[in-house]
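Welcome! Please take a look at the sequence and the structure below, and then let us walk through some of its parts together.

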Amino acid sequence: MSQKHGFGRGLTNYGDADFALYLRRSFARSMGISNELLGKPVVGIAMTPSGFNNCHRTMPELVEAVSRGILAAGALPRPFPTISLGEVFLNPTSMMFRNLMAMDTEEMVRAQPMDAVVLIGGCDKTVPAQLMGAVSANLPAIQVVTGPMTTGRHRGERLGACTDCRRFWGKFRGGEIDVDEIDLVEGRLSVTAGTCAVMGTASTMACISEVLGMSLPGTAAIPAVHAARLVAAEEAGKAAVALISRPVLPSQVVTEKSVENSFRVLMALGGSTNAIIHLTAVAGRAGVRVSMDRLNEISDETPVLVDLKPVGEGYMEDFYAAGGVGAVLRELRHLLHLDTINVEGRTLEERLAEPLDWIDRSVIRRFDDPVSAVGGLIALKGSLAPGGAIFKRAAATPELFEVEGRAVVFTSLEDLSQRIDDPDLDVHPNDILVLQNAGPHGAAIPEAGYLPIPKKLARQGVKDMVRISDARMSGTAFGTIVLHVTPEAAIGGPLAAVRNGDRIRLSVAEKRIDLLVDAAEIEMRLADHAPPPAPKRGYAALYRRSVTQASDGCDFDFLLP
């Protein structure tokens, strides 16, 4: 009864391999699978539908399309569920559960009998989780993304989640619009299935998956509701079957060179700060590490070419129509490693040798006519962040790039919530807002780094201030914001030593963030620092015990090679 592929892979251990295969085939037949198909290779489909994940509303259609492609290519599709992470539906933050989903994906791919796998995800943490799991499982794998939303309309203006969510909320906090209008906007921001309509984390990670080579060329930006999205899913199913006879493993695709290419495209996209954490985690599973100095070199060499929100004006549907990732790669060709391979087994050089139909230069600029002459993201170091911090200069206010200001400190998320809008808060427009204890150990590193402008300043017309934290911010956010400060405050990093009234200096030119307090004074302040109480049970306890710092991707230490 020997069978080394499909249902014959990874037999359940009963001490009798022939019996295990016989029993497995018997149970498979109870699902109505014909004897002919039982002998075929098997392609798993990791599906992630959830009533708590709006980004994945099209999942049933995508699973059907992938299955169609697998059947057409002569294999048996087997969909299976994993955890689904809906960004805005999880408490305390979806980031806490990314590693759990990565573990779920890895273990189910490894434990179940499949010759290859198609991973379908889209929402912010799902694609990085699936890629992390795929790299660790190292079975032939292809990523399919759900695709971005298309835009809504409000009083003659296009709207898209979630940059416009934040823009209108800022107007509401500043008293520019009333409660009736914000209620109208609420129903017009997210009007279709799919991920956020701008170059936020979900779309950035979709593009990175394509650049890494884990997704089929040209598929990252197809809108969720576009017919081409289903065609791409069908083609992914066919390609997964091809991987069975001609394996290309994730370990061959995710390499130092493909990771560097991905960081370079990230800079050109003006993409999400979160992508640095996620790409670091995906690369870490392959044993690849790109230093912060190298990250800054790549950023300084790579202009922002894509004019999309939150950095520019357009939306993802415009990016797709303008030429998508393929157009950006062609502009960066002279800076890329062209010998990387994708899941098709083709080199990047072979892909870029093919003609591209058309490029809309109002959305995707030429290399010599960029949106910005330098990349969108940089790493900062200094006495406040000796392990590094991240700054999105493409979405910040240039007038605040070289500043020194007085610290206004919030010691926790609760403290921020209680005091930020207090009319008696001692704060001025040229102050620097500081949030502590919001890093991986302190609060599972939520998207709280986009500290709101204090209401009393917002009503004076203040639109931006320097804000510093060990938290993250949404990829759809904007402002002069220093994030991922490492080491975080909760484990006794210098951020924990900041007090109200301290002077802080930010220099984008020098790529530094410094606490202007004597080193001996900082050491004295930290001498009696104690970490927050650790959870005693369950996943929360595992998370606290094992999560690494932002500079290491916030992965679990025991999952790294």
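## A walk through the parallel sheet and beyond

Strand 1 (residues 42-47) and strand 3 (residues 116-121) run parallel and are joined by four bridges. Across this pair, Ile 45 of the one strand stands opposite Val 118 in strand 3. Please keep in mind that this is a predicted model.

Two helices pack here. Helix 3 (residues 59-72) packs on the sheet and touches strand 1, strand 2 and strand 3, and its direction makes about 170° with that of strand 1. Helix 5 (residues 126-137) also packs on the sheet, touching strand 1, strand 3 and strand 4, with its direction at about 165° to that of strand 3.

What is the order of the strands in this open sheet? Its four strands are arranged as 2-1-3-4, with parallel pairing. Strand 2 (76-81) and strand 4 (141-145) stand at the edges with a single partner strand each, so one side of each has no neighbour in the sheet. On average, neighbouring strands are turned by 20° against each other, direction ignored.

## An antiparallel pair of pairs

Further along the chain, strand 13 (residues 503-507) pairs in the antiparallel sense with strand 9 (residues 402-410) over five bridges. In this pairing, Glu 404 stands opposite Arg 505 in strand 13. Strand 13 also pairs with strand 14 (residues 512-515), again antiparallel, over four bridges, and there Ile 504 stands opposite Leu 515. Strand 13 and strand 14 form a hairpin with four residues between them.

## Helices to look for

Helix 11 (residues 256-269) has 14 residues and reaches 20 Å from its first C-alpha to its last, close to the 20 Å expected at 1.5 Å a residue. Is helix 11 largely enclosed or largely open? Of its 14 residues, 12 are buried, so helix 11 is largely enclosed by the rest of the structure. Among the buried residues are Phe 263, Leu 266 and Met 267, as well as Glu 260 and Arg 264. Just after helix 11, Gly 270 takes a positive phi of about 65°.

Helix 8 (residues 201-212) and helix 12 (residues 274-285) have axes that come within 10 Å and cross at roughly 40°. The crossing is right-handed. Helix 8 brings Thr 201, Thr 204, Met 205, Ile 208 and Leu 212 to the contact, while helix 12 brings Asn 274, Ala 275, His 278, Leu 279 and Val 282. By class, this contact has six nonpolar, four polar and no charged residues.

## Backbone details

Most residues other than glycine have a negative phi, and most peptide bonds are trans. The table lists some places to compare with that.

| Residue | Backbone feature | Value |
|---|---|---|
| Pro 92 | cis peptide bond from Asn 91 | omega near 5° |
| Cys 162 | cis peptide bond from Ala 161 | omega near 5° |
| Asn 138 | positive phi, not a glycine | about 55° |
| Arg 155 | positive phi, not a glycine | about 50° |
| Lys 511 | positive phi, in the hairpin turn | about 55° |

Where can you find them? Pro 92 is in the loop between strand 2 and helix 4 (95-111), and Cys 162 lies in the loop between strand 6 (157-159) and helix 6 (163-173). Asn 138 sits in the loop between helix 5 and strand 4; Asn 138 is partly exposed, with a relative accessible area of 27%. Arg 155 is in the loop between strand 5 (152-154) and strand 6, and at 60% relative accessibility Arg 155 counts as exposed.

Terms used
Residues numbered from 1 in each chain as written. Predicted model: local features only at pLDDT ≥ 70, side-chain atom pairs only at ≥ 80, totals over all residues. Heavy atoms only, no water. Pairing = 2+ DSSP bridges. Expected span 1.5 Å × (residues − 1). Buried < 20%, exposed > 50% of the residue type's maximum accessible area, 1.4 Å probe, protein only. Axes fitted to C-alpha atoms, helices over the stretch in contact; angles between N-to-C directions. Left-handed = near helix turned anticlockwise from the far one by under 90°. Contact = heavy atoms within 4.5 Å. Nonpolar A, V, L, I, M, F, W, Y, C, P; charged D, E, K, R; others polar.
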